Amino acid sequence: MKDKFNLKEIITLSVTLFLICSLAAVVLGFANSITETKIDENNKAALEKSLKVTMPEASDFQKMFEDGVVPDAEVFSDVGKNTDVYEAKDGDGNVVGWCVTTVVNGYKPGISLVIGINKDLTVSAIDIPPSHSETPGLGGNITTDWFKARFAGKSSVVIVKRPASADNEVQAITGATMSSRAVAEGVNKSLEIVKAISEEGDEPENE
């Protein structure tokens, strides 16, 4: 006896398969939406925490260049791409400094940094979220308090392998010079951006 499907069976199977696929797509889309919302909320909370850590005197952080318009100077080339700048204000609305978020590449790509910069153009503090791929016990030590504290008060940074002897020097993590230099690169870039912003603010108004 020959097996064969009649037209009715083919239509029934096609409709059933279509309904199953549609239902699966709806469920996956709903789950993805919930997941994305939760991730966005977590990222926002983590950013707010890092901003506060790096500029504790501030109570309000206003993102600059939100309209996508940035100065033509080369120093601003990464702003709006992998770099954002926040104006930090106290409870009275006075500017107490700036916070810069940026991403640099160490031994592996994707080190996120948050750098607080005082009005005197020195580093207030830096924060490095643990979501990076640097080697645990080596480059992974960039997130330790003792390493991050080495950048406080600096107006520029040079990484050295020996104990720091000059005001702008920061001793690298043993066995993780590349990771240390990546952090310094992000800090120096942030300082340059804020210096340029500060200089623009000091320009006299046209009469």
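A salt bridge here is a side-chain nitrogen of Lys or Arg within 4 Å of a carboxyl oxygen of Asp or Glu. With that cut-off, a search of the whole structure turns up six salt bridges. Keep in mind that this is a predicted model. The protein has three helices and seven strands, and five of those strands form an open antiparallel sheet.

**Overall build**

- Going along the sequence, the pattern reads α-β-β-β-β-β-α-β-β-α.
- The radius of gyration is 25 Å, whereas a compact globule of 207 residues would come in near 17 Å.
- Lined up on the principal axes, the C-alpha atoms fill a box of roughly 95 × 55 × 30 Å.
- As for burial, 35% of the 207 residues count as buried.

**The five-stranded sheet**

- The strand order is simply 1-2-3-4-5, with antiparallel pairing.
- Strand 1 and strand 5 sit at the edges, and each of them pairs on one side only.
- On average, neighbouring strands of this sheet are turned by 25° against each other, ignoring direction.
- As a general reminder, strands of a sheet pair through backbone hydrogen bonds, in either a parallel or an antiparallel way.

**Strand 4 and its two partners**

- Strand 4 (111-118) is mostly covered, with seven of its eight residues buried.
- On one side, strand 4 pairs with strand 3 (residues 95-104) over eight antiparallel bridges.
- Among the facing residues of this pair, Val103 is opposite Ser112, and Val104 is opposite Ile111.
- Strands 3 and 4 make a hairpin with six residues between them, and Gly110 in the turn has a positive phi of about 95°.
- Strand 4 also runs antiparallel to strand 5, and four bridges join the two.
- In that pairing, Gly116 of strand 4 stands opposite Ala125 in strand 5.
- The hairpin of strands 4 and 5 has four residues between the strands.

**Backbone spots to look at**

- Leu121 is in the loop between strand 4 (111-118) and strand 5 (123-127), and its phi is near 65°, a positive value in a residue other than glycine.
- Phe65 is not a glycine either, yet it has a positive phi of about 60°.
- You'll find Phe65 in the loop between strand 1 (60-63) and strand 2 (84-89).
- Phe65 has a relative accessible area of 22%, so it counts as partly exposed.

**Salt bridges**

- Asp84 and Lys63 meet through their side chains, at 3.7 Å from N to O.
- This pair links distant parts of the chain, with Asp84 in strand 2 and Lys63 in strand 1, 21 residues apart.
- Both ends of that bridge are partly exposed: Asp84 has 21% relative accessibility, and Lys63 has 34%.
- Asp78 and Lys189 form another salt bridge, and their closest N and O atoms are 3.3 Å apart.
- Because Asp78 lies in the loop between strand 1 and strand 2 while Lys189 is in helix 3 (residues 177-201), this bridge ties together parts that are 111 residues apart in sequence.
- Asp78 is partly exposed at 26% relative accessibility, whereas Lys189 is buried at 16%.
- Lys89 pairs up with Glu87 in a salt bridge, the closest N and O atoms being 3.8 Å apart.
- Lys89 has a relative accessible area of 17%, so this lysine counts as buried.
- Asp127, Asp145 and Lys148 are tied into a network of salt bridges.

**Helix 1**

- Helix 1 covers residues 7-54, and Phe18 is in it.
- Phe18 counts as exposed because its relative accessibility is 56%, and the cut-off for exposed is over 50%.
- Phe18 joins Leu7, Ile11, Val15 and Leu19 in a nonpolar surface patch of about 530 Å².
- Glu41 is another helix 1 residue, and it is partly exposed at 45% relative accessibility.
- Glu41 and Val194 are 153 residues apart along the chain, and their C-alpha atoms are separated by 28 Å.

Terms used. Residues numbered from 1 in each chain as written. Predicted model: local features only at pLDDT ≥ 70, side-chain atom pairs only at ≥ 80, totals over all residues. Heavy atoms only, no water. Patch = residues over 30% accessible without salt bridge, like charges linked within 9 Å, V, L, I, M, F, W, Y side chains within 5 Å. Areas by Shrake-Rupley, 256 points an atom, 1.4 Å probe, with all protein chains shown as cover. Buried < 20%, exposed > 50% of the residue type's maximum accessible area, 1.4 Å probe, protein only. Pairing = 2+ DSSP bridges. Axes fitted to C-alpha atoms, helices over the stretch in contact; angles between N-to-C directions. Rg over C-alpha atoms; globule rule 2.2 N^0.38 Å.
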